[in-house]
Amino acid sequence: MEPFYLTLFMGTPIWLWLLFLGLVGVLLAFDLGVLNRKEHEIGVAESLKLSAFYITLGVLFGGFVWYQMGSQAAAEYMTAFVVEKTLAMDNVFVIALIFATLSIPRRYQHRVLFWGILGVILLRGLMIGLGATLVAEYGWILYIFAGFLILTGIKMLFVGDKEHDMADNPILKFLRRRMPLTDELHGHSFIVKQPDPKTGRIRRFATPLLLALVMIEIADVIFAVDSVPAVFAITTNPYIVYTSNIFAILGLRALFFALAAIIHRFEYLKQALAVLLIFIGSKVFLADLMGMEKFPPAISLGITFAILGAGVAYSLWRTKGQDAKELTGK
């Protein structure tokens, strides 16, 4: 009888899933119990160091994938990792808006992001599990994903997105009407007990910190509608899809405090993302037209780096000196 740990789950041995989840658990425990045991404002330097640590781990995990699953799987993982991290950058802007709208102090923002990642691990797992099941049962759904990515990329490239106005967000307005909510923060608490203004009875109230957490989780689900199909267009291996997603998000949450201050320097990255989505969607159809089972992962990774590198370089060149102009008013 085959040992339990060698049993396949979604095409991958259970021990690989357990190893990854154990690693994430250790990282989160280290983050909260050691690095951020005392609440404090995370500065740019600390944010960059923590992000570099997570990016290094993500890349090293790609080496582990190469060792266990081969070079093709490793190339697919790295492509998915880079794409996910870049697609999630717009999420940083939305998170910053949520914190600003709800007046969440910087010293409490890490706490919200930390607990938010636990929700992401669960929600992304459910979405990827559903996507993997659909792809396994109905192979043609990959073409639906690919077509959706192409249309999304064209919309981003030629139509653009409306500016986010978090104060008028209908979801936020709905939650404020439905949730028993305090007007002010109560330290780092998500829920507090206090007298109901109407009845005088003691009841539980959500604080703005919990409202921020719920909004961030909803935002992540919305962004996952784009990012999950994008990764499935790169690879249909659920293990690679999930691990690349989680590592990209872990690193991005760490980078949030530095990236939020300089996000305006990447003004033209959205156009590069649009081109990237069109490419990822198109290569599903190109592989069929060229008689290939799958578009070569190494070439896909190279093109991904080229598109994003061009977008970053052009953005930095066009916004050069922008901070100085804002400070001098010239």
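Which side chains meet in a salt bridge at 3.1 Å, N to O? They are the side chains of Arg124 and Asp220. This is a predicted model, and that pair is a good place to enter it.

Start with where the two residues sit. Arg124 belongs to helix α5, and Asp220 belongs to helix α8, which spans residues 208-232. The two residues are 96 residues apart, so this bridge links distant parts of the chain. Now ask about their surroundings. Arg124 is buried, with a relative accessible area of 3%. Asp220 is buried too, with a relative accessible area of 1%. Buried means under 20% relative accessible area, so both residues qualify.

Arg124 has another partner. Its side chain also meets that of Glu84 in a salt bridge, at 3.4 Å from N to O. Glu84 lies in helix α3, residues 71-87, while Arg124 lies in helix α5, residues 106-137, so the pair ties together parts that are 40 residues apart in sequence. Glu84 is buried, like Arg124. Put the pieces together: Glu84, Arg124 and Asp220 are linked in a network of salt bridges. The count of salt bridges comes to two.

Now step back to the whole chain. The protein holds twelve helices and four strands. It has 330 residues, and 46% of them count as buried. Look next at contacts between residues with a separation of 6 or more. Of these, 80% join residues 24 or more positions apart.

Next comes the nonpolar interior. The largest nonpolar core has 93 residues. Within this core, Phe99 and Phe232 have the most contacts. Helix α8 supplies the largest share of the core, 14 residues. Follow Phe232 outward. Leaving aside neighbours within four places in sequence, Phe232 is in contact with Ile128, Gly131, Ala132, Val135, Leu142, Phe145 and Val241.

Helices α5 and α8 deserve a look as a pair. Two packed helices are described by the angle between their axes and the distance between the axes. The axes of α5 and α8 come within 8 Å and cross at roughly 35°. The crossing of α5 past α8 is right-handed. What kinds of residues make up the contact of α5 with α8? They divide into 19 nonpolar, four polar and four charged.

Go back to helix α3, the home of Glu84. Thr79 lies in this helix as well. Thr79 is buried, with a relative accessible area of 1%. Which residues does Thr79 touch, not counting those up to four places away in sequence? They are Ile234, Pro297, Ser300, Leu301 and Thr304. Ala74 is another residue found in helix α3. At a relative accessible area of 5%, Ala74 is buried. Apart from neighbours within four places in sequence, Ala74 is in contact with Gly62, Val65 and Trp66. Now compare sequence with space. Ala74 and Ile240 are 166 residues apart along the chain, yet their C-alpha atoms are separated by 8.6 Å.

Helix α10, residues 269-289, offers another case, Ala272. Is Ala272 buried or exposed? At 8% relative accessibility, Ala272 counts as buried. Its contacts, with neighbours within four places in sequence left aside, are Ile307 and Gly311. The C-alpha atoms of Ala272 and Gly309 are separated by 8.7 Å, and these residues are 37 residues apart along the chain.

Finish in the loops. Met10 is found in the loop between β1, residues 8-9, and β2, residues 12-13. The phi angle of Met10 is near 55°, a positive value in a residue other than glycine. Met10 counts as partly exposed, at 32% relative accessibility. Ser103 is found in the loop between α4, residues 89-101, and α5. Phi of Ser103 is near 55°, again a positive value in a residue other than glycine. Ser103 is exposed, with a relative accessible area of 54%.

Terms used
Residues numbered from 1 in each chain as written. Predicted model: local features only at pLDDT ≥ 70, side-chain atom pairs only at ≥ 80, totals over all residues. Heavy atoms only, no water. Salt bridge = Lys/Arg side-chain N within 4 Å of Asp/Glu carboxyl O. Buried < 20%, exposed > 50% of the residue type's maximum accessible area, 1.4 Å probe, protein only. Core = buried A, V, L, I, M, F, W, Y, C linked by side-chain atoms within 4.5 Å. Contact = heavy atoms within 4.5 Å. Axes fitted to C-alpha atoms, helices over the stretch in contact; angles between N-to-C directions. Left-handed = near helix turned anticlockwise from the far one by under 90°. Nonpolar A, V, L, I, M, F, W, Y, C, P; charged D, E, K, R; others polar.
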